[in-house]
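This briefing is for a reader who is meeting the structure for the first time. It goes from one charged pair to the wider layout of the chain.

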Amino acid sequence: MYPDRFRLPQVTEHVLTWLERRRPGFGEWDGEVEAQLQAEARLALADVARRFSEVAVDPGYWGRLERSVFTVAVPRYFQLAREHHALQRRKYGLWRGGDLLSRVAYTGAGIAAAVVIAVTAVPDWMEPLPFAFILFGPFLPDMQESYFERRYRRQLATLVRDMVVEQQQLEAYRPLDESVPPVPERLSEPESPERSGGSSSNSKENV
């Protein structure tokens, strides 16, 4: 019915992107944080609504889209963001927060394990393990943090994809008392020369 930028998946993605730019600046997650993020979501929607009003006048469609954002998308986002926000506040559960000393300790553990393996009889498959710690130990906190961040981004992407089903329901259902808005001239199909010519010739024949 309308361009993709005014459909629920893209609008949801816009709102989540807006919220994710502001969420890391908050402290401990609580009701006040959710209230402020709700207000930010309304600002994000108002930004899209302003552009939508330049394309069409359909308060019924926009009202149903807005309700879907606040009753489906935003609550699901809060559930995901609350968990990830707490994880970030705990430094992803990394030992010593992944500081320099912890990175040195991981590398030292690899060196100590290599020495133990060198002077004792161990299975062959265990020999590469200490060298993996020596090589990747300094980067282990970064890899752990990257894993949690990628998981969170995948969860948000899944949320956006799920809004496709909501969009289908939104388009399929229109209350009986809701009038169908007129199609703006800029979105209507231009009349082809053949059709315009044919109609003029028919009018001449009728005359």
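**Charged pairs, one long helix stretch and the overall fold**

Arg82 is partly exposed, with 36% relative accessible area. The model in which Arg82 sits is a predicted one. Arg82 forms a salt bridge with Glu34, with N and O 2.7 Å apart. This pair ties together distant parts of the chain, since Arg82 belongs to helix H3 (residues 59-89) and Glu34 to helix H2 (residues 31-53), 48 residues apart.

**Salt bridges**

- Side chains of opposite charge can pair when their charged atoms come close.
- The chain has 11 salt bridges, counted with a cut-off of 4 Å between a side-chain nitrogen of Lys or Arg and a carboxyl oxygen of Asp or Glu.
- Glu34, the partner of Arg82, is partly exposed at 21% relative accessible area.
- Arg51 and Asp47 form a salt bridge in which the closest N and O atoms are 3.0 Å apart.
- Arg51 and Asp47 lie 4 residues apart in helix H2, so about one helical turn separates them.
- Arg51 is partly exposed, with a relative accessibility of 30%.
- Asp47 is also partly exposed, with a relative accessibility of 22%.
- Glu20, Arg23, Glu149 and Arg153 are joined into one network by salt bridges that share partners.
- Within this group, Glu20 and Arg23 form a salt bridge with their closest N and O atoms 2.9 Å apart.
- Glu20 counts as buried because its relative accessible area is 11%, and buried means under 20%.
- Arg23 is buried as well, at 2% relative accessibility.

**Helix H6**

- H6 covers residues 140-172.
- The 33 residues of H6 should span 48 Å at 1.5 Å a residue, and this agrees with the 49 Å between its end C-alpha atoms.
- At Val165, H6 bends by about 25°.
- The buried residues of H6 include Pro141, Phe148, Glu149, Tyr152 and Leu156.
- Further along H6, the buried residues include Leu159, Val160, Met163, Gln167 and Leu170.
- These buried residues pack against helix H1 (8-22), H3 and helix H4 (100-119).
- Glu149 is therefore both one of the buried residues of H6 and a member of the salt-bridge network with Glu20, Arg23 and Arg153, where Glu20 is buried at 11%.

**The loop before H6 and a nonpolar patch**

- Phe139 is placed in the loop between helix H5 (128-136) and helix H6.
- Phe139 is partly exposed, with a relative accessibility of 47%.
- The C-alpha atoms of Phe139 and Thr107 are 9.7 Å apart, while 32 residues separate the two along the chain.
- Phe139 forms a nonpolar surface patch with Leu135, Phe136 and Met143, and together they have about 430 Å² of accessible area.
- Leu135 is located in helix H5.
- Leu135 counts as exposed because its relative accessibility is 56%, and exposed means over 50%.

**The chain as a whole**

- The chain contains 7 helices and 0 strands.
- Along the sequence, its pattern reads α-α-α-α-α-α-α.
- Of the 207 residues in the chain, 33% are buried.
- Among contacts with a separation of 6 or more, 78% are between residues 24 or more positions apart.
- The chain exposes about 13200 Å², and carbon and sulfur atoms supply 58% of this area.

How values were computed. Residues numbered from 1 in each chain as written. Predicted model: local features only at pLDDT ≥ 70, side-chain atom pairs only at ≥ 80, totals over all residues. Heavy atoms only, no water. Buried < 20%, exposed > 50% of the residue type's maximum accessible area, 1.4 Å probe, protein only. Helix = DSSP H or I, 4+ residues; strand = E, 2+ residues; numbered from the N terminus. Expected span 1.5 Å × (residues − 1). Bend = angle between axes of the 7 residues up to and from the residue. Contact = heavy atoms within 4.5 Å. Patch = residues over 30% accessible without salt bridge, like charges linked within 9 Å, V, L, I, M, F, W, Y side chains within 5 Å. Areas by Shrake-Rupley, 256 points an atom, 1.4 Å probe, with all protein chains shown as cover.
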